[in-house]
Every structure is written in C-alpha cells, then in structure tokens.
Amino acid sequence: MSDKPRSFPLSLDALAGKPSRPGAAPTLAQSRIATPQTATQNKAQNAGRASVPVYGAPSGITPSRAQAIANERAQPATAAAPRQNPLVSEAVRRAMVARIVKQGVQDQVVLDAMLAVPRHMFMDEALASQAYIDASLPIGHQQTISQPYIVARMIEVMRNGGALQRVLEIGTGCGYQATVLSRVAKEVFSIERIKPLHELAKANLRPLRVPNLRLQYGDGMLGLPQAAPFDGIILAAAGLEVPQALLEQLTIGGRLVAPVGDKLQHLQLITRAGKMEWTSEKLEACHFVPLRPGTI
C-alpha cells in the first residue's frame, strides 16, 4: 500500500487506478472562492511595522525613545478576536438528536452518526443558522437537504440493527446524508445527476476527509453496477416506482428505502428475498423532490 496522501473524495476512476486527464481545467469545487466552511475564516493579514522617522524630538526624550513612541503610534489597532460560531458547538447537534429520539428513532449507531456530522457545513452561509431545525432546506438547483429526522429514519430502517458493508445513495445533493451514512457503513457510494451539486458535495466533503465515501456523477436511476451488490440503497428523490436496476443491485437480504409516489408520497422498504424475489412494506408519509433520469 502506498504511503502517498490521496485527495478526497476519490472518484471511482481513482479506485480503479485511472490517472487524471493531463492539463484538465480546474473543477468548480477547485475554483470556489468561498464555501460555508471557508467563508467565516479570518483572512486578515498582519500589517508590516515600518519605522517612522523622527524630526525634532521633544526636549528630555532621547531620539531612540522618540523613535519607539512614533513607531508605536504608527501601528494599526489590534483587531478584535473573531466571534466563535455557535453552530460549531456540539450542544446544538445534541438538541437536534434529542428531537429525533422523541420522533421515534432509537438506533444508537444512527444517532451517534447524526451527532457527529456538522450539518451546518453542508449549507449556504445564509441558511447555516437554521441548520439544526427539523426541516428540509434549499441547496440550489431546485433541490433540498433532507430534514434531520427523515435522514435518521431512512438509515435506521435500512440498517435494521445490522452491520452494513456497502451502501449506495441515489441523490448526493450537498453530501450531508452521504457523510452520515459513512459512519454507519464500511463503504458508501453516492451518485448525483446535477453536475454543480456533485462539485458542491466534493467541496463540502474535502475538509472532512471521509475515507470510505466515493462520489459519482451520473444517472442514479441506473445505479452503480460496477460497485454492486449493495447491502443497502437509499433514494433521496421520489419516483412513481423504484427502478428495477436498483432492485437488482441489492444483495440477497439487502434493503432499499425510497420515497414513492407523486403528490402523495410514502417511504417504502423493499427487501430482496431471492434472485428474482422482493418484498415491499409501506412506511410513513414523506415529501421529496422528484426522481429524474439522465444527467445535467
């Protein structure tokens, strides 16, 4: 195994050992000037301390002392220390997790994952103050970050108290749910069909350095056959039915959780019982953006 550092997140091409295209233009994520992670950083530079010449020192003060006084007066005032972002506090995440418990989620592995992942780091700075309320919020391109409860609920249902080796997420969005999944499964693959959101997720995830999460730009309705089979699959968008390609990428005994329906949607749990046999169970009502084919 090489000891050379690897960039994150790794693409599937990187896993296959394919080199990057020489001379490639920087991605949107690489050209980002500010992200929710970097926008609050202090970028002030230390001002130089140039000496101020002394012309005629007052009586009784030596030239060296006068020079020191003049230099002192010429220095800029010390900037006030930046205020600590209250969202960094673990207390706000604990309050969020406490609400999720009251709503019925009991899987401690899932609750610990929800506590560990800083949701505000995946949101626009203007909405960061709302990061820990129990609501879905816009992330651009007519897409949303799912409410904390529904993220925890879907993962709990898919996990069913067991160990997850390999999981597929359809609809990366800003990367939040994929990051939570990375704490409950050994390997996580996530597909996003909207290129700017795929790049946003990569930018959001870069400072977190999650080693077991792979992001892929592509058509989520086709799944990821080159990485299949999966112990669990989660869809973050609602279709009138679950694509057959995804059902066939489950392991025997694997569980898929997806919102199904048009205006009236319900979470649906599908379990693969055999090579060509699946069982289905309808869960609670929900509301998701529509599942669409292709890439944009």
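**Reading a predicted fold: a first tour**

Mentor: Let's start with one pair: the side chains of Lys202 and Glu199 form a salt bridge, with N and O 3.3 Å apart. Please keep in mind that this is a predicted model.

Trainee: How far apart are Lys202 and Glu199 in helix α8?

Mentor: A general idea helps here. An α-helix has 3.6 residues a turn, so residues three or four places apart point the same way. In this case, Lys202 and Glu199 are three residues apart in helix α8 (residues 195-205), so about one helical turn separates them.

Trainee: Are Lys202 and Glu199 buried or exposed?

Mentor: Both Lys202 and Glu199 are buried. That fits with their helix, since α8 is mostly covered, with nine of its 11 residues buried. Among the buried ones are Leu197, His198, Leu200 and Leu205.

Trainee: How many salt bridges does the count come to?

Mentor: The count comes to seven. Another example inside a helix is Arg94 with Glu90, whose closest N and O atoms are 2.7 Å apart. These two residues lie four residues apart in helix α4 (residues 90-102), about one turn of the helix. Arg94 counts as partly exposed, at 49% relative accessibility, and Glu90 is also partly exposed, at 37%.

Trainee: Which parts of the chain does the pair Glu187 and Arg166 link?

Mentor: Here the side chains of Glu187 and Arg166 meet in a salt bridge, 2.8 Å from N to O. This pair links distant parts of the chain: Glu187 is in strand β4 and Arg166 is in strand β3, 21 residues apart. As for accessibility, Glu187 is partly exposed at 27%, and Arg166 is partly exposed at 24%. Buried would require under 20%, so neither Glu187 nor Arg166 gets that label.

Trainee: Now I'd like to step back. How many helices and strands does the protein chain have?

Mentor: The protein chain has nine helices and nine strands. It holds 296 residues, and 44% of them count as buried. To see how the fold brings the chain together, look at contacts with a separation of 6 or more: residues 24 or more positions apart account for 57% of those.

Trainee: How should I read a nonpolar core?

Mentor: The general idea first: in soluble globular proteins, nonpolar side chains tend to be buried together. In this model, the largest nonpolar core has 53 residues, and Met114, Ile150, Ile155, Tyr176 and Leu181 touch the most other members. Helix α6 (residues 148-159) gives the most to this core, with eight residues. Another core lies apart from it, with 20 residues that include Phe230, Leu247, Leu256 and Leu291.

Trainee: What is Met114 in contact with, leaving aside its neighbours within four places in sequence?

Mentor: With those neighbours set aside, the contacts of Met114 include Met96, Val97, Ile100, Pro148, Val151, Tyr176 and Val180.

Trainee: And how do I read a pocket?

Mentor: Rolling a probe the size of a water molecule over the atoms shows where empty space is left. Take the second largest pocket here, which has about 510 Å³ of space. Its lining has 33 residues, and Gln143, Gly171, Ala236, Ala237 and Val289 lie nearest its centre.

Trainee: Which element supplies the largest share of the lining of the second largest pocket?

Mentor: That is β2, with three residues. At least two residues each come from β2 (143-145), β3 (164-170), α7 and β4 (185-192). By residue type, the lining divides into 16 nonpolar, 12 polar and five charged.

Trainee: Where is Gln177 found?

Mentor: Gln177 is found in helix α7, residues 176-181. Its relative accessible area is 8%, so Gln177 counts as buried. Outside its neighbours within four places in sequence, Gln177 is in contact with Val151, Glu169, Ile234 and Ala236.

Trainee: One last residue for contrast: is Pro225 exposed or buried?

Mentor: Pro225 is exposed, because its relative accessible area is 54% and the cut-off for exposed is over 50%. Pro225 is placed in the loop between β5 (213-217) and β6 (230-235). You can also compare sequence and space here: Pro225 and Leu246 are 21 residues apart in sequence, while their C-alpha atoms are 8.8 Å apart.

Methods
Residues numbered from 1 in each chain as written. Predicted model: local features only at pLDDT ≥ 70, side-chain atom pairs only at ≥ 80, totals over all residues. Heavy atoms only, no water. Buried < 20%, exposed > 50% of the residue type's maximum accessible area, 1.4 Å probe, protein only. Contact = heavy atoms within 4.5 Å. 1 Å grid on protein atoms, 1.4 Å probe; cavity = no way out; pocket = protein on both sides within 12 Å on 5 of 7 lines; lining within 4 Å. Points joined across faces, edges and corners; volume = space filled by probe spheres on them. Nonpolar A, V, L, I, M, F, W, Y, C, P; charged D, E, K, R; others polar. Salt bridge = Lys/Arg side-chain N within 4 Å of Asp/Glu carboxyl O. Core = buried A, V, L, I, M, F, W, Y, C linked by side-chain atoms within 4.5 Å.
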